[in-house]
Amino acid sequence: MARKSGQVTIVGAGLCGSLLAIMLKKQGIGVSVLERRGDPRTSAPVAGRSINLALSARGIRALRHAGIFAKVEERLIPMRGRIIHDERGATELQRYGQREHEQIYSVSRAELNRILIDSAEHDQGIAIEFGQEVRGFDAAGALSVSNGVDRTLRSEPVIAADGAGSSIRRALEDTVGIGATEALLPHGYKELCIPPRTAGRHQLDPGGLHIWPRGGFMLIALPNPGGDFTLTLFLPNEGKDSFASLGTASDIDVFFRRYFPDVVPLIPNLAEAFVANPVGILGTVRCRTWHDGGKALLVGDAAHAIVPFHGQGMNLAFEDCVLLDRIVRDGRSWEESFGAFEEQQLPNANAIADMALENYVEMRDTVRDPKYKLRKELSFQLERRLPGRFIPRYSMVMFHEEIPFSIAQYRGALQQALLDELVRDAHAVEEIDLDAAEALARERLPPLNT
Ligand SMILES: Cc1cc2nc3c(=O)[nH]c(=O)nc-3n(C[C@H](O)[C@H](O)[C@H](O)COP(=O)(O)OP(=O)(O)OC[C@H]3O[C@@H](n4cnc5c(N)ncnc54)[C@H](O)[C@@H]3O)c2cc1C
């Protein structure tokens with residue numbers, strides 16, 4: 001069946017909505033975009049969102065696909081691994097991968113969003129209406145929109161890229177029932193800033209993602225181009241050592257001196273900044289279905305918000321754009337296109353949602369375990385011996401955009417069981433019979449077929 005309409009309305013001009021608008025317009029579809037906020041190119045950034053993000057292979061592939069990677073590339077800061085800070089202030093670099101290109105990139109959310117919006121408006125001529133809040137979507141496919149004055153808009157289809165708190169997702173849940181769940185993590189986050197040493201010069205090594213793992217919680221820092229770092233504390237909301245327990249300047253001071261003594265001298269007015277900045281919420285959104293026939297489709301965080309511990313929410317949202325762009329190009333009806341998109345991507349979204357939750361424990365705790373380091377070293381050895389067959393799970397997720405997340409999760413579980421078995425009685429990689437390990441990996445891991 002041929003597509004009925006060559007016009008779509010995208011709700012949300014965040015990272016996903018603006019990139020998708022560019023891709024669809026490039027294939028000749030009429031696109032209009034409604035965005036609740038003011039134009040980020042002329043208004044102050046909205047507080048309460050992460051200031052910078054880690055961009056990796058899936059996101060880069062999508063930006064290349066849309067023809068705008070060159071504009072973003074010059075603003076990226078490469079991070080080659082995790083720089084772990086222990087309680088005594090000692091640091092250790094744990095490389096992400098073993099090939100030169102296996103690194104991730106810190107990028108400013110606001111800058112990236114501005115580039116995408118600019119490219120959508122100026123290069124593609126897309127009309128983005130700012131200051132337009134979508135408040136409802138009814139069973140007949142009508143949008144209720146307000147910019148202070150309420151109006152009703154009819155557009156088929158509507159693509160909802162309105163983020164984790166999506167109003168369209170909630171409307172679809174109420175009208176047709178899409179099996180949406182929103183599971184909040186009992187931990188939140190707070191962002192702080194480590195200012196530059198001098199203009200443009202970082203106080204810490206800018207070539208890695210810094211982590212202060214402390215078991216039940218952690219601090220991380222990503223570099224920014226101006227010489228500053230964005231520091232994020234991930235902490236339980238309640239209980240001992242929680243946001244609730246840090247009520248006074250003295251509580252904050254004692255907490256940081258106890259757990260992060262090397263950070264204290266890097267931030268002037270630490271307690272003041274801590275009190276002034278909000279605590280953000282974290283959670284996972286899952287749905288049974290992402291579309292209502294050909295009327296509406298959820299994409300990006302609106303469909304599948306995940307916790308940020310694998311740095312994949314935006315990358316996954318960008319992967320959605322590439323996949324949907326390819327499917328829509330086939331010229332099938334919107335309903336068929338949305339169904340095909342969901343069929344392929346829903347298992348991947350669920351897989352990375354699980355892996356992101358697991359990665360919180362790895363980042364805040366497991367990275368300190370000598371067995372973890374041994375497993376990592378062994379997995380690099382096996383990858384060298386069996387390239388394209390044994391690939392560490394972290395690398396499959398971050399550097400192998402051709403491997404779907406669901407396959408990375410499945411193969412990652414097989415590999416984890418194998419590694420656990422091989423390191424059980426070993427303390428160093430020299431104690432492991434690598435030929436036998438390779439044979440076992442060959443036996444248990446089917447060749448990759450992506
Ligand atoms: C602390 C933190 C750190 C993160 N780090 C990373 C990382 O390192 N790497 C990574 O890949 N991902 C990361 N993420 C995830 C990433 O931020 C999201 O996955 C990404 O922003 C999703 O893009 P989106 O366009 O779907 O949603 P959003 O970026 O939330 O955009 C939604 C847009 O819709 C607009 N909107 C909302 N409601 C309405 C409405 N009713 N009407 C009209 N417009 C509306 C909003 O104003 C916004 O512009 C992180 C998230 C957090 C919270």
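The following exercises, each with a worked solution, deal with a predicted model.

Residues are numbered from 1 along each chain as its sequence is written, and side-chain values use heavy atoms, with hydrogens and water left out. Because the model is predicted, local features need pLDDT of at least 70 and side-chain atom pairs count only at pLDDT 80 or more, whereas totals for chains, interfaces and linings use all residues.

**Exercise 1. The surroundings of the ligand**

Describe which residues and elements surround the ligand, and which polar contacts reach it.

Solution. Begin with the shell, in which a residue counts as near if one of its heavy atoms lies within 4 Å. Of the 31 residues around the ligand, Cys16, Glu35, Ala54, Arg109 and Asp301 come nearest. The shell divides into 12 nonpolar, 11 polar and eight charged residues, where Ala, Val, Leu, Ile, Met, Phe, Trp, Tyr, Cys and Pro count as nonpolar, Asp, Glu, Lys and Arg as charged, and the others, Gly among them, as polar.

Next, assign the shell to elements, helices being DSSP runs of H or I with at least four residues and strands runs of E with at least two, numbered from the N terminus. At least two residues of the shell come from each of α1 (15-26), β3 (52-55), β9 (133-137) and α9 (313-329), and α9 gives the most, with three residues.

Then look for polar contacts, that is, pairs of N or O atoms within 3.5 Å; within protein, one must be able to donate a hydrogen and the other to accept it, and residues adjacent in sequence count only if both atoms are side-chain atoms. A polar side-chain atom of glutamate 35 lies 2.6 Å from an oxygen atom of the ligand. Polar backbone atoms also take part: that of valine 134 is 2.9 Å from a ligand nitrogen, and that of methionine 314 is 2.9 Å from a ligand oxygen. The protein buries 92% of the 1,000 Å² that the ligand exposes when taken alone, areas that come from the Shrake-Rupley method with a 1.4 Å probe.

**Exercise 2. Two helices**

Check the lengths of α4 and α9 against the expected span, and describe their burial.

Solution. The expected span is 1.5 Å times one less than the number of residues. For the 15 residues of α4 (residues 109-123) this gives 21 Å, which agrees with the 20 Å between its end C-alpha atoms. For the 17 residues of α9 it gives 24 Å, and the end C-alpha atoms are 25 Å apart, which agrees.

Turn now to burial, where buried means under 20% relative accessible area, exposed over 50%, and partly exposed in between (1.4 Å probe, protein chains only). The buried residues of α4 include Arg109, Leu112 and Ile115, while α9 is mostly covered, with 15 of its 17 residues buried.

Finally, examine the ends. At the start of α4, a side-chain oxygen of serine 108 comes within 3.4 Å of the backbone nitrogen of alanine 110. Glycine 125, which follows α4, has a positive phi near 70°, and glycine 331, just after α9, has a positive phi of about 80°.

**Exercise 3. Strand β14**

Explain why β14 is largely enclosed, and identify its partner strands.

Solution. Five of the five residues of β14 (residues 209-213) are buried, so the strand is largely enclosed by the rest of the structure. Leu209, Ile211 and Pro213 lie on one side, and His210 and Trp212 on the other.

For the partners, note that two strands pair if DSSP finds at least two bridges between them. Strand β5 (residues 81-85) pairs with β14 in the parallel sense over three bridges, and isoleucine 83 has histidine 210 as its bridge partner. Strand β15 (residues 218-223) runs antiparallel to β14, joined by four bridges.
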